[in-house]
Amino acid sequence: RNTHITPLALYILLYKHKDNGLIYLDDVKGITDNEISMAILKGALDDKEKRYVTYETTSARLEGTPEIFEFKGQIIIVSNIWKDNPDAKAIASRIKPYFMKFSYNEKVAILKEIVKKPYKKLTLEEREFILNKLLEYADITTKDFNFRMLINAYKFYLYDKNKFEDLLKQSIEVDTDLAIIKKLIESNISVNEQVKAYIKITGKSRATYFLRKKGQGNLYIIRYL
């Protein structure tokens, strides 16, 4: 599922797949932002020998589902906000978490594959033109550079070819910290001098400099891009 789900619907879904079923939840709204849903998941993902899920309600909408059952299935959860949720620690202690993060170069490589796939009435030539324009205005310092940016660029082009570039440029934001770090790296001064300059310009710490730099792995080789 990759839509919205209520606690009751989640409970019924788990019950229907309670015996060795596999449930895949992809950015499902109503789970990470709902305490009841999180509590239901905690039961389904309990690390005890038997995992019991409960849902007490006077509602007749349980559709014959008991108020408690043993869950023997498996659950895969995909979410961009999962690790930022306060209840995530309790869930993470019950599962095998895997955090996926792409570098800028990896994202570009994936975009070059995505652009090969048809999109509405756009030709391959037009899709490649749009991607090239996106990469002309966006770079490693772009804030929240992601795959949806290409789809948005497609939409701008389909909306108005003449205003396409203006709309595209307006949609791109620069991460100021990364822009400063990029400029310091390209200046070819020593790392210590880069750190001192970063602290002086931003007022932030040495640790922040290295965290931001490490978070964008290919900033280490940005001068060769």
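**Getting to know helix 5**

Me: Which residues of helix 5 are buried?
Reply: Happy to look at this with you; the model is a predicted one. Buried here means under 20% relative accessible area. In helix 5, the residues that count as buried are Glu126, Arg127, Ile130, Leu131, Lys133 and Leu134.

Me: Which arc around the axis do they cover?
Reply: The buried residues lie on the same side of helix 5, because the arc they cover is limited. On the other side, Glu125 and Asn132 are exposed. The arc around the axis is only 160°.

Me: What do the buried residues of helix 5 pack against?
Reply: Contact is a matter of heavy atoms within 4.5 Å. By that criterion the partners are helices: helix 4 (104-114), helix 6 (148-159) and helix 7 (164-171).

Me: How far does helix 5 reach from its first C-alpha to its last?
Reply: Helix 5 spans residues 124-137, which makes 14 residues. At 1.5 Å a residue, the expected reach is 20 Å. The model comes close to that, with a reach of 20 Å.

Me: How many helices and strands are there in the protein?
Reply: Let's walk along the chain from the N terminus: the elements run α-β-α-β-β-β-α-α-α-α-α-α-α-α. That gives ten helices and four strands.

Me: What share of the protein's residues count as buried?
Reply: The protein exposes about 14600 Å², and carbon and sulfur atoms supply 51% of that area. Of its 225 residues, the share that counts as buried is 35%.

Methods:
Residues numbered from 1 in each chain as written. Predicted model: local features only at pLDDT ≥ 70, side-chain atom pairs only at ≥ 80, totals over all residues. Heavy atoms only, no water. Helix = DSSP H or I, 4+ residues; strand = E, 2+ residues; numbered from the N terminus. Expected span 1.5 Å × (residues − 1). Buried < 20%, exposed > 50% of the residue type's maximum accessible area, 1.4 Å probe, protein only. Arc of directions from axis to C-beta. Areas by Shrake-Rupley, 256 points an atom, 1.4 Å probe, with all protein chains shown as cover.
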